[in-house]
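Q: I am new to this structure and would like a close look at a single part of it. Could you walk me through the strands towards the end of the numbering, and then show me how that part compares with other places worth visiting?

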Amino acid sequence: MTAEPVAWRADGVPRSERFDDLYHTETGALAQARHVFLGGCGLPQAWARQPQWRILETGFGLGLNFLTTWQAWRSDANRPRLLHFVSVEAHPVGAGDLLQAAEAYPELASLAQELVGQWHGLLPGFHRLAFDEGRVLLTLCIGDVQAMLRAQRFEADSLFLDGFTPQQNPVMWSPDTLKAVSRFARQGTGFATWTCARAVRDALLQNGFQLEMRQGLPPNCDCLGGAFAPAWTVRRRGPAPARIEAPGRCAVIGAGLAGAAVAASLARRGWRVTVLDAASRPASGASGLPVGVLAPHVSPDDALLSRLTRAGIRATWLELERLLEEGRDWRASGVLERRPEGDTRVPAGWNDSGPNESWPASSDQLAAAGLPADAPAIWHARAGWVRPSRLIEAWLRQPGVEFRGNASVARAARNAGGWQLFDAADQLLIAADRVVVAVGFESGRFAPGLPLQPVRGQVAWGHANDRALPATPLNGDGHLIAHVPDAEGALLWLAGATFDRDSTDLAPNTDDNASNRERLTRLHPAAAAALAPAFERGEVNTWVGVRCASGDRRPLVGPLDEEPAGGLWACTALGSRGLSFAALCAELLAAQWHGEPLPLPATLAKALGTQRL
């Protein structure tokens, strides 16, 4: 899947050869976006002082409607706390064309640069981009319009109906597509479009929209606006998504990756969040690993786990860039994954030209890592190492989040006002409107029905600045991370890890040390030889943690009551992929609470839900 080519005319107007049509009116994309789409939906006045505003667009094109909306949001003192912009695009253009399209509009140029900074890895599916500290969220739905609309579900506040002309792109304006769009509308949802084609007007009327002809921009005499106001009772296939209108107080049990990520996501939406942990400081459990690998799962058929980890890494990456210092707290180094002979694992056709960001490693990449040129391996470009505790601390520092250590929660009790959490002496710790359980394998104390399994893991680590240790993290049967600066600037290495199911023993094990050393020898013989003296002199440290896994090895995000509005939720069972999943799961939980657009297609979101088991 290559970027859609754009033909630029001599006068600077972009044209699509696929559809033999212009991307925007000759009077300019900025004027069209402001007059037709924002003006047609009564924006920015309509969103004034709202907690959030949710826009669905049916054709992203060169992104100028999004950039203009974002610029209007930035300029508005009465803007909503959160702006959601969901856009469907079957044929995404290249980054260079996005920049060229915005060059004519100085007020959009810097925003376009930020957009291009996240314009990568656009395989078919959903891609969540975040701007302005996570308060402007762009969900790109890459694929055919009807399939993408079926995969998403939320009540939109505004609908931007865009795309090439109905004559050249009839699927975008078909009765089936406009019926699918109407499923996102609630009573009063505004819509706007540049076309007044009779077939489009008829389909909109049949689906419950009231129409208003408005003066257009040349060469169009008119444009179309209106609102969803059916004269009949609308029957939906299921109940409308639950939506919390006013954020309140939330208690999160657990100060690891899952709990800290949930706290930060909810705080961005206006919640006052208290994170309670039995330990005196955050990241004292499995998330306290000295340094971890962030890399996606890949599979020949791009299976469920592969798509989930790819979405998760995009979510985590945004937080790493926003909150941490690269080179000290994390590094976007890429990761080399060693594979068994004959098993390169990636889907057919994936290579270094993209948009995929994993592909069979080249001989140069192997050589740079000190491996044989013919070693079977995958290169993950969007990968690296992370100090988990640094990310957790950054999330817990966000406005609206309070950490409370030495607060061991023994039980949760529901009352008329919400929830109360008590310690072992039955002393009240906190009262809250909602509670999120994010305490790893101990989550089972609050959710005995969940199939949770403890998985003990031990790693070896130490200090070394040896050229035999690869600069790039290695993954495969175990992993090796080196050249990671600690608090004093000395360089760490880490290798492991073991997987002992149903064990919660935190004592170091000499057999596991030997096992990790054997893994290291298979993974990178030269590194194992360089570190052998440290092992033999007993200078190697061990770290032990207990992960939490679900029955199907996927995270669990969702309500613990039969009634989701009951207010007791879980975000747990991230297993050994906490860095990949924490930010994504937190955003999924927050979206479900607030009736927001999902960061994942509905089928993938369901695959993470507590109600699947």
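A: Here is a guided look at one strand and its partners, followed by two short visits elsewhere. Please keep in mind that this is a predicted model.

Let's start with strand 27, which covers residues 478–485. This strand is mostly covered, with eight of its eight residues buried. Strand 27 has a partner in strand 26, made of residues 474–476. Three bridges connect strand 26 and strand 27, and the pairing is antiparallel. To find one of the matched positions, look at Leu 474, whose bridge partner in strand 27 is Leu 480. The turn between these strands is easy to trace: strand 26 and strand 27 make a hairpin with one residue between them.

Now follow the chain onward to strand 28, residues 491–496. Strand 27 and strand 28 run antiparallel and are joined by five bridges. Leu 480 is a handy landmark here too, since this residue stands opposite Ala 495 in strand 28. Strand 27 and strand 28 also form a hairpin, this time with five residues between the strands. Within that hairpin, Gly 489 takes a positive phi near 95°. As a help when you look along any of these strands, side chains in a regular strand alternate between the two faces of the sheet.

Next, a visit to another sheet. Three strands form an open sheet here, in the order 14-19-15, with antiparallel pairing. Its edges are strand 14 (292–294) and strand 15 (330–331), each of which pairs on one side only. Strand 15 is joined by two bridges to strand 19, residues 384–386, and the two run antiparallel. A pair to look for is Arg 331, which stands opposite Trp 385 in strand 19.

Finally, a pair of helices. Helix 2 (residues 64–75) packs against helix 4 (residues 106–117) at an angle of about 115°, and their axes are 10 Å apart. That angle makes helix 2 roughly perpendicular to helix 4. The crossing of these helices is right-handed. On the helix 2 side, the residues making the contact include Leu 64, Phe 66, Leu 67 and Trp 70. From helix 4, the contributors include Leu 108, Leu 111, Ala 112 and Leu 115. Sorted by class, the contact of helix 2 with helix 4 has eight nonpolar, two polar and three charged residues. Among the residues in this contact you will also find Arg 74 of helix 2 and Glu 107 of helix 4.

Technical notes. Residues numbered from 1 in each chain as written. Predicted model: local features only at pLDDT ≥ 70, side-chain atom pairs only at ≥ 80, totals over all residues. Heavy atoms only, no water. Axes fitted to C-alpha atoms, helices over the stretch in contact; angles between N-to-C directions. Helix = DSSP H or I, 4+ residues; strand = E, 2+ residues; numbered from the N terminus. Parallel < 35°, antiparallel > 145°, perpendicular 65-115°, else oblique. Left-handed = near helix turned anticlockwise from the far one by under 90°. Contact = heavy atoms within 4.5 Å. Nonpolar A, V, L, I, M, F, W, Y, C, P; charged D, E, K, R; others polar. Pairing = 2+ DSSP bridges. Buried < 20%, exposed > 50% of the residue type's maximum accessible area, 1.4 Å probe, protein only.
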